[in-house]
Amino acid sequence: MGGVEFVKGHGTENDFVVLPDPDGLIDLDGDDGRLVRAVCHRRRGIGADGVLRVVRTDGPVAAAAGVAGGEATWFMDYRNADGSLAEMCGNGIRVFARYLVEAGLVAPGAHPVATRAGTRRVTVDHTGPVTVDMGPAELGPYSTTVVGGAGGVELDGVAVDVGNPHLACVAPPSVALDTLDLARPPAYDASLFPRGVNVEVLTPLVDGAVRLRVHERGSGETRSCGTGTVAGAVAALHAAGRGTGTVTVDTPGGTLLVGVDAASTTLTGPAELVARGTWGVPVALGV
Ligand SMILES: N[C@@H](CCC[C@H](N)C(=O)O)C(=O)O
């Protein structure tokens with residue numbers, strides 16, 4: 001019986017199936033990402049918020065994605081659970097880097113990893129927290145969202161580009177963060193976000209910390225989102241009249257640390273590999 005080798009991992013409970021595919025032999029695009037949807041399915045598949053394909057930067061997958069490897073040997077080819085592509089994944093890239101170390105593909109240390117949003121430098125060892133230079137996070141226009149469907153809660157937010165699109169909403173104290181319905185896709189201004197958007201709701205900055213929940217484009221509500229955490233930290237600092245600082249972000253899945261300076265942002269948090277095996281691809285997928 002054939003199958004696909006995989007590793008399962010998570011970063012603050014944002015979970016991923018890692019697919020080692022150095023030469024890009026697996027077809028992840030066929031039938032609008034049906035293979036990705038199948039492997040991420042929580043009952044019929046392995047279950048995950050997304051897929052991290054580990055593929056070489058000098059092969060056809062990176063070339064087709066328009067990714068210039070530069071000094072990076074490895075390209076994180078990220079897919080959301082619904083099969084859609086995303087430019088960047090802040091929790092995923094830490095898991096990806098941990099996989100590279102555990103697989104012996106890189107030594108512990110600082111390494112460039114290619115993504116659709118550009119190359120990111122990741123500092124990783126075998127067990128400790130992983131730090132990613134996430135690049136600049138660009139503040140955009142203010143906008144609004146409605147969470148919880150028709151008759152839901154309207155919130156003001158600000159667009160933040162972290163390589164992928166976010167609408168980060170610092171909620172007033174009258175909004176009970178824990179009771180918001182973020183399972184349903186929040187409404188947003190499609191003219192501002194033509195490729196969709198990840199929506200974060202967070203508490204105002206108090207003593208350098210916020211609490212944050214997220215609905216991710218292509219995956220639904222997740223326990224954490226690394227790029228969303230950076231977007232939330234930037235929005236919280238902005239709401240407090242600041243452009244730089246360090247923010248501790250508590251998500252339902254765990255705690256992350258974000259650094260924001262004038263030129264760039266950093267994200268530090270855990271990355272764990274929890275299982276490995278062979279996925280017996282459903283015959284109907286014809287793989
Ligand atoms: N969970 C990720 C973000 C994954 C991509 C996102 N859903 C999108 O479509 O932009 C993270 O940790 O950053």
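## Briefing: strand β7, domains and annotated cysteines

Strand β7 (residues 130-133) presents V130 and V132 on a covered face, whereas T131 and D133 lie on an uncovered one. Such a pattern is expected in general, because side chains in a regular strand alternate between the two faces of the sheet. The model is predicted: local features require pLDDT of at least 70 and side-chain atom pairs count only at pLDDT 80 or more, while totals for chains, interfaces and linings use all residues. Residue numbers start from 1 along each chain as its sequence is written. Helices (H or I, at least four residues) and strands (E, at least two) are DSSP runs numbered from the N terminus.

**Strand pairing around β7**

- Strand β6 (residues 118-124) runs antiparallel to β7, and 3 bridges join them; strands pair if DSSP finds at least two bridges between them.
- The connection from β6 to β7 is a hairpin through 5 residues.
- V132, on the covered face of β7, is the bridge partner of V122.
- β7 is also joined to strand β16 (residues 265-269), by 4 bridges in an antiparallel arrangement.
- D133, on the uncovered face of β7, has T266 in β16 as its bridge partner.

**Strands β1 and β17**

- Strand β17 (residues 272-279) is hardly covered, for 0 of its 8 residues are buried; a residue is buried if 20 or more other C-beta atoms lie within 10 Å of its own, exposed if 12 or fewer, and partly exposed in between, with C-beta atoms placed from the backbone.
- Antiparallel to β17 runs strand β1 (residues 4-11), and 7 bridges join the two.
- Within this pairing, E5 stands opposite T278 of β17.

**Domains**

- The protein chain is divided into domain 1 (4-133 + 271-282) and domain 2 (138-263), with bounds that come from an automatic or database domain assignment.
- The contact between them takes 19 residues from domain 1 and 18 residues from domain 2; two residues are in contact if their C-beta atoms, placed from the backbone, lie within 7 Å.
- The side of domain 1 that touches domain 2 has 5 nonpolar, 10 polar and 4 charged residues. Here Ala, Val, Leu, Ile, Met, Phe, Trp, Tyr, Cys and Pro count as nonpolar, Asp, Glu, Lys and Arg as charged, and the others, Gly among them, as polar.
- Taken over C-alpha atoms, the centres of domain 1 and domain 2 are separated by 24 Å.

**Nonpolar core**

- The largest nonpolar core holds 80 residues, of which V18, F96 and A97 touch the most other members. Such a core is a set of buried Ala, Val, Leu, Ile, Met, Phe, Trp, Tyr and Cys residues joined through C-beta atoms within 7 Å.
- Domain 1 (4-133 + 271-282) and domain 2 (138-263) each supply at least three residues to this core.
- Not counting residues up to four places away in sequence, F96 touches V18, L52, V54, M76 and V113.

**Annotated cysteines**

- An unreviewed UniProt entry places the feature "active site" at C89 and C225; such annotations may be inferred rather than shown by experiment, the feature names are shortened, and positions follow the numbering used here.
- The two positions are spread over 137 residues of sequence but cluster in space, with a largest C-alpha distance of 7.7 Å.
- C89 is found in the loop between β4 (74-80) and α3 (90-102), and counts as buried because 30 C-beta neighbours lie inside 10 Å.
- Contacts of C89, leaving aside neighbours within four places in sequence, are G50, Y78, G226 and T227.
- C225 lies in the loop between β13 (220-222) and α4 (226-239); with 36 C-beta neighbours inside 10 Å, C225 is therefore buried.
- C225 touches N14, N91, N198, V214 and E216, not counting residues up to four places away in sequence.

**L167 in strand β10**

- L167 belongs to strand β10 (residues 165-170) and is buried because 30 C-beta neighbours lie inside 10 Å.
- Beyond four places in sequence, L167 touches S143, T145, G157, A159, Y188, V197 and V199.
- L167 is 59 residues from G226 in sequence, and their C-alpha atoms are 14 Å apart in space.

**Positive phi in helix α1**

- Most residues other than glycine have a negative phi.
- D31, not a glycine, has a positive phi of about 50°, and D32 likewise has a positive value, near 55°.
- D31 is placed in helix α1 (residues 30-40), as is D32.
- D31 is exposed because it has 12 other C-beta atoms within 10 Å; D32, with 10 C-beta neighbours inside 10 Å, also counts as exposed.
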